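Open the model in your viewer and keep the selection panel at hand. Each stop below says what to pick and what is there.

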Amino acid sequence: MAENDDQERTEQPSEKRLREAREKGDVPRSRDLSGALVTLAGVAALLSGSERAMSHARTIYHLGLDYSRAALFSDALPARVLGMAVREALMLFTPVAVATLLATFAGPVLLGGIHFSGQALQPKFDRLNPAAGLGRIFAMRGLVELGKALLKLLFIGGALALLLKHSVDELQALGRADVTLGVVRAMSLLGRSALLFGALLALIGGGDALYQKFDHAKRLRMTRQELKDEAKETEGNPELKGRIRQVQFEMSRRRMMQELPKADVIVTNPTHFAVALKYDENGNGAPRVIAKGVDVLAQQIRLVAGGHRIPMVEAPPLARALYATTSLGREIPVSLYVAVAQVLAYVYQLKQATARGDEPPPAPQPEVDPDLMGPYKF
């Protein structure tokens, strides 16, 4: 039962899945909403400039019927009339074309933005399969599209039929009216019909837009196992990452142990911390930390140091401060110069005393600011 629950697509799509869907051109789109916006924009442009449109239409009408005798026998008449008609037609339809072009982009913007995908333009030959086509027709989405088509036919067709029935007297009066007045009334009736058509289509398109967003999110839902697999692909397998960190740590420790015999002194805690320092007297830099460790690793550092007869100095505050403030291969901070200088001076004096057979000097007790120990304070 648990396995069945894990395979149910109950999880919201991740950002990666949504991004991949956008790259494939799979984004929510509503043809009804786009068609409604284009229709309303075109009708609004025509109605807002009806007088100007009528003027351009009248000019085009006169160009086809009004000639002088001289112009009628002129060879330049066709070209001149055609040029003027094209210019008037452009002035008539340009506002409508601009409005509908802007409305074309408004639909996608309202549903999540405009996305261009090259993958969406690639041919998909599996769509030519008749069996798959029948499956899409009788699938849930196909039934929903069929229902929307029937709804538009009944809803919009019925509303337009009622409008025409209500305008029967106006239509009958057009035959008895003046030509100009008849054209104005006919265009007005046509504009109201188009406006009603666009408004009803916008109502249906709004509902369709909500459904398309819901359906898109539902299709992209993921199972819990898919989320886990995606997290592994994105962030990496935790077991593999742990193994890589372990290998990196082993390599770093191996290099550190190889550098350890070059140390001048080991500063210890005495048991929990061990830090190896190397100072190049001929260089211009400060002493460097070439090895450090706590607990087991600190014990290994002390064992290697003992095998190579490297001096070890017990200075718990300094050992903790060096471990907290200085990374491997880095020079010690200025705040520890005095304390480390005391330790190096002791090592130099110890070597001199050992060479002469004298008593070893007293071990230093360098003072260190407790804040330099960080989380390793006593």
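The tour goes from the whole chain to single residues and pairs.

**Stop 1: the whole chain**

Select everything. This is a predicted model. Colour by secondary structure and find 15 helices and 4 strands. Of the 378 residues, 29% count as buried. Switch on a surface. The chain exposes about 24900 Å², and carbon and sulfur atoms supply 60% of that area. Now think about contacts between residues with a separation of 6 or more. Pairs 24 or more positions apart account for 74% of them.

**Stop 2: the annotated spans**

Select residues 90–114, 149–168 and 188–211. An unreviewed UniProt entry annotates these as "transmembrane region". Take 149–168 first. How far apart are the end C-alpha atoms of this span? They lie 28 Å apart, and the span is 95% helix and 0% strand. Move to 188–211. Here the end C-alpha atoms are 35 Å apart, with 100% helix and 0% strand.

**Stop 3: helix α8**

Select residues 140–166, which make up helix α8. Pick out Leu-154, which belongs to this helix. Is Leu-154 buried or exposed? It counts as exposed, because its relative accessibility is 65% and the cut-off for exposed is over 50%.

Add Leu-143, Leu-146, Leu-150 and Leu-153 to the selection. Together with Leu-154, they form a nonpolar patch on the surface, with about 530 Å² of accessible area. The spacing of some of these numbers recalls a rule. An α-helix has 3.6 residues a turn, so residues three or four places apart point the same way.

Stay in α8 and go to Leu-160. Leu-160 counts as partly exposed, at 24% relative accessibility. Show its contacts. Beyond neighbours within four places in sequence, Leu-160 touches Ser-193, Leu-196 and Phe-197. These three partners fall in the annotated span 188–211. Draw a distance from Leu-160 to Phe-197. Their C-alpha atoms are separated by 7.3 Å, though the two residues are 37 apart along the chain.

**Stop 4: salt bridges**

The structure holds 5 salt bridges. Three are worth a visit.

Select Glu-250 and Arg-253. Their closest N and O atoms are 2.8 Å apart. Why do they sit about one helical turn apart? They are 3 residues apart in helix α12, residues 238–259. Glu-250 is partly exposed, with a relative accessible area of 27%. Arg-253 is also partly exposed, at 23%.

Next, select Asp-264 and Lys-278. Their side chains meet in a salt bridge at 3.8 Å, N to O. This pair links distant parts of the chain, 14 residues apart. Asp-264 lies in the loop between α12 and β1 (265–268), and Lys-278 lies in strand β2 (residues 273–278). Which side of the burial cut-off does Asp-264 fall on? Asp-264 is buried, because its relative accessible area is 18% and buried means under 20%. Lys-278 counts as partly exposed, at 27%.

Then select Asp-358 and Arg-356. The side chains meet in a salt bridge at 2.8 Å, N to O. Asp-358 is partly exposed, with a relative accessible area of 41%. Arg-356 counts as exposed, at 55%.

**Stop 5: helix α14**

Select residues 316–325, helix α14. How many of its 10 residues are buried? The count is 7, so the helix is largely enclosed by the rest of the structure. Highlight the buried ones: Pro-316, Leu-318, Ala-319, Arg-320, Ala-321, Leu-322 and Tyr-323.

Now show what covers them. The cover includes strands β1, β2, β3 (288–294) and β4 (312–314), along with helix α15 (337–356). You have met β2 before: it holds Lys-278.

**Stop 6: the segment after α15**

Finish at Pro-375, which lies in the segment after α15. Pro-375 counts as exposed, with 72% relative accessibility. Draw one last distance, from Pro-375 to Ala-321. The C-alpha atoms are separated by 9.7 Å, while the residues are 54 apart along the chain. Ala-321 is one of the buried residues of α14, whereas Pro-375 is exposed.

Methods:
Residues are numbered from 1 along each chain as its sequence is written. This is a predicted model: local features need pLDDT of at least 70, side-chain atom pairs count only at pLDDT 80 or more; totals for chains, interfaces and linings use all residues. Side-chain values use heavy atoms; hydrogens and water are left out. UniProt positions are given in the numbering used here, feature names are shortened, and annotations may be inferred rather than shown by experiment. Helices (H or I, at least four residues) and strands (E, at least two) are DSSP runs, numbered from the N terminus. Patches are made of residues with over 30% relative accessible area and no salt bridge: like charges are joined within 9 Å, nonpolar side chains (Val, Leu, Ile, Met, Phe, Trp, Tyr) within 5 Å. Accessible areas come from the Shrake-Rupley method with a 1.4 Å probe; for residues, only the protein chains shown count as cover. A salt bridge is a side-chain nitrogen of Lys or Arg within 4 Å of a carboxyl oxygen of Asp or Glu. Buried means under 20% relative accessible area, exposed over 50%, partly exposed in between (1.4 Å probe, protein chains only). Contact means heavy atoms within 4.5 Å.
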